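Me: I am new to this structure and should be grateful for a close look at a single part of it. Please explain how that part is placed and what it pairs with.

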Amino acid sequence: MPRRPRAATSLHDQPLASLLRSHWLSRAPRPTTRDIGREVGVSHATISRWLDGTLLPTVDQTKALADALGVTGQARADLLQVAEWVNPNRGTRGLFGISDRAADALKVEHRATTIVEWSPLRIPDLLQTDAYARRITDETSGVTSKAERQNALFEDARKNYQVFLGLPALTWRVGGVNVMTQQVERLIDALDRQSAIVRLVLEGSDWHDGRLGGFVLYDREDDDGAVLIQHLGAATILTDRDIVRRYRRVQAELDQLALKPEETRQRLDGLLRELRPPSP
C-alpha cells in the first residue's frame with residue numbers, strides 16, 4: 001500500500017530554503033535581497049522569507065531565482081527538482097533522487113548546531129574535494145549536493161563540526177596520488193581555518209563500538225539529538241533517547257583514543273610529503 005505523504009512540521013525544515021541560501025551565500029560579490037527582488041519581481045521581504053524557509057517559492061519563481069543567482073548546469077537542475085517536489089502541505093521527497101529518509105537526514109543536518117562524525121574508512125562528505133567525491137559518487141548530482149551542503153555548513157558560524165577520522169580513510173588512495181594530495185590539503189585547510197576539528201584515530205587501538213561502523217551524531221538545543229547511519233544511498237535516522245545515548249558513549253571512547261588536532265595536523269603534513277613528488 002503506498003505511503004501517504006508526510007506533513008512538514010515546519011517550513012524551516014524544507015531543504016529548498018537551505019539550497020537557495022547556500023547559492024546566495026556562495027555568490028561573490030553577494031547580492032542584496034533588494035537586488036534579487038528587483039530582478040525576480042518581488043519585494044525584498046519575500047526574498048528574505050524564501051531564504052529563511054518561512055515562505056516557499058513556486059517552481060517558476062525558483063527558476064527566476066536561479067537566473068538571478070547565476071545557478072546553472074546540474075546545480076540548477078537539482079534546485080528545480082527540489083522545487084517541484086515541495087509544497088506547504090508536504091515534506092520533500094526524492095531529493096536529488098535519494099530516498100525520503102536521506103532527505104530527512106539533510107533536514108536534520110541543516111537544523112543541527114553541533115555535528116560529530118565518525119568516518120573510519122573514507123573522507124566524510126562535508127570535507128571531500130570535488131575530485132574525491134566524483135570517485136566515490138555515481139551521479140554528478142551527488143557531487144553537487146555535497147558542495148552545497150559544505151557551503152551551508154561552513155557559512156554558518158553557529159555550527160560546530162567535529163570529525164573522528166579512521167586511518168584507512170587516508171591510506172586508501174581514492175582516485176590516485178593527485179586526488180589524495182588535494183584531499184589532504186583540504187583537510188589541512190579545514191584544520192588551519194578552524195572550520196572543522198579533525199582528529200585521527202589510529203589502528204591498533206583497543207576494541208570500541210565505533211569499529212562496528214561510521215555514524216553522524218547531531219545535536220540541537222531543543223531536543224535530545226539524532227544519529228544518522230548511511231550506506232550506498234540509504235539512510236537511517238535514529239532518535240530514540242537511549243540509542244542516541246549509546247552513540248554518545250562511543251563518541252566519548254573516540255575522544256579518548258583520537259589524536260589531538262595538532263597531532264593530526266602533523267600526521268597530515270607527513271602524508272602530504274609522501275604524496276608530493278620530490279622537487280627535481
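Reply: A residue is called buried here when its relative accessible area is under 20%, and exposed when that value is over 50%. The model is a predicted one, and the part chosen is strand S4, which comprises residues 215-219.

Five of the five residues of S4 are buried, so the strand is largely enclosed by the rest of the structure. The burial concerns both faces of the strand. On one side lie Phe215, Leu217 and Asp219, and on the other lie Val216 and Tyr218; all of these residues are buried.

The pairing of S4 may be taken next. Strand S1, residues 114-119, runs antiparallel to S4 and is joined to it by five bridges. Within this pairing, Val216 of S4 is the bridge partner of Glu117. S4 also pairs with strand S5, residues 226-231, again in the antiparallel sense, and here the bridges number three. In S5, Leu228 is the bridge partner of Val216. Val216 thus has a bridge partner in Glu117 and another in Leu228, and Val216 is itself buried.

The connection from S4 to S5 completes the description. The two strands form a hairpin, with six residues between them. In the turn, Gly225 has a positive phi of about 95°.

In summary, S4 is a strand with both faces covered, joined by antiparallel bridges to S1 and to S5.

Key
Residues numbered from 1 in each chain as written. Predicted model: local features only at pLDDT ≥ 70, side-chain atom pairs only at ≥ 80, totals over all residues. Heavy atoms only, no water. Buried < 20%, exposed > 50% of the residue type's maximum accessible area, 1.4 Å probe, protein only. Helix = DSSP H or I, 4+ residues; strand = E, 2+ residues; numbered from the N terminus. Pairing = 2+ DSSP bridges.
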